[in-house]
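Here's a quick walk through the inside and the outside of this protein model. Have the sequence and the structure open while you read.

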Amino acid sequence: MGIPEERIERLQALAREATEEGEYDRAREYVRLAGRVAERNRVSLPRSFKRFTCDDCDAYLLPGRNARVRLQDGHVVIRCEHCGSTARYPYETRG
């Protein structure tokens with residue numbers, strides 16, 4: 001793992017902590033900074049990071065705190081409580 005990946009991982013942890021403490025603006029800055037680090041170094045954000053950030057308002061989403069998660073036929077629906085945007089992801093299959 002290179003330096004950019006480690007930095008993105010650390011920023012994800014900081015965004016999660018800030019969201020748990022209710023500091024949504026600080027978490028949003030960490031998410032934006034992680035995106036810039038990934039863009040500059042031509043690495044992709046981890047799937048877990050992409051799935052739990054809002055594409056519209058850059059909020060870090062924690063189910064039950066600021067995001068609503070629902071399971072539907074074949075996909076997961078995540079709704080951001082800040083801006084109301086919805087993201088749908090297929091079920092992940094293991095094996």
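A residue counts as buried when its relative accessible area is under 20%, as exposed when it is over 50%, and as partly exposed in between. Arginine 28 has 14% relative accessibility, so it goes down as buried. Keep in mind that this is a predicted model.

**The inside**

In soluble globular proteins, nonpolar side chains tend to be buried together. Here, the largest nonpolar core has 14 residues, and those with the most contacts inside it are Leu11, Ala15, Ala27, Tyr30, Val31 and Tyr60. Helix 1 (3-20) and helix 2 (24-41) each put in at least two residues. The largest share comes from helix 2, with 6 residues. Apart from this core lies another one of 9 residues, including Ala59, Leu61, Val76 and Tyr89.

Click on valine 31 for a good view of the neighborhood. Leaving out residues up to four places away in sequence, valine 31 touches Ala15, Phe49, Thr53, Asp58 and Tyr60. Two of those names come back with glutamine 12, a residue of helix 1. With the same neighbors left out, glutamine 12 touches Ser48, Phe49 and Tyr60. Is glutamine 12 buried or exposed? Its relative accessible area is 15%, so glutamine 12 is buried.

Now for the rings. Searching the whole structure turns up 1 aromatic pair. Phenylalanine 49 and tyrosine 60 make it up, in a tilted arrangement with 6.4 Å centre to centre and 50 degrees between the planes. Phenylalanine 49 sits in helix 3 (residues 47-51) and tyrosine 60 in the loop between helix 3 and strand 1 (67-72), so the pair ties together parts that are 11 residues apart in sequence. Both rings belong to buried residues: phenylalanine 49 has a relative accessible area of 1%, and tyrosine 60 has 4%.

**The outside**

On the surface, Val69, Leu71 and Tyr91 make a nonpolar patch of about 290 Å². Tyrosine 91 is in the segment after strand 3 (86-90). Its relative accessibility is 41%, so tyrosine 91 counts as partly exposed.

**The charged pairs**

Side chains of opposite charge can pair when their charged atoms come close. How many salt bridges are there? The count comes to 6. Here are some of them, with the N to O distance for each:

| Basic residue | Acidic residue | N to O distance |
|---|---|---|
| Arginine 26 | Glutamate 23 | 2.6 Å |
| Arginine 28 | Aspartate 25 | 3.1 Å |
| Arginine 32 | Glutamate 29 | 3.3 Å |

Start with arginine 26 and glutamate 23. Arginine 26 is partly exposed at 31% relative accessible area, and glutamate 23 is partly exposed at 37%. They also belong to a wider network of salt bridges that links Glu21, Glu23 and Arg26.

Next come arginine 28 and aspartate 25. They are 3 residues apart in helix 2, so about one helical turn separates them. This pair joins opposite settings: arginine 28 is buried at 14%, whereas aspartate 25 is exposed at 58%.

Arginine 32 and glutamate 29 are also in helix 2, 3 residues apart, about one turn of the helix. Arginine 32 is partly exposed, with a relative accessible area of 32%, and glutamate 29 is partly exposed too, at 42%.

Conventions
Residues numbered from 1 in each chain as written. Predicted model: local features only at pLDDT ≥ 70, side-chain atom pairs only at ≥ 80, totals over all residues. Heavy atoms only, no water. Core = buried A, V, L, I, M, F, W, Y, C linked by side-chain atoms within 4.5 Å. Buried < 20%, exposed > 50% of the residue type's maximum accessible area, 1.4 Å probe, protein only. Helix = DSSP H or I, 4+ residues; strand = E, 2+ residues; numbered from the N terminus. Contact = heavy atoms within 4.5 Å. Phe/Tyr/Trp six-rings, centres within 6.5 Å; stacked < 30°, edge-to-face > 60°. Patch = residues over 30% accessible without salt bridge, like charges linked within 9 Å, V, L, I, M, F, W, Y side chains within 5 Å. Areas by Shrake-Rupley, 256 points an atom, 1.4 Å probe, with all protein chains shown as cover. Salt bridge = Lys/Arg side-chain N within 4 Å of Asp/Glu carboxyl O.
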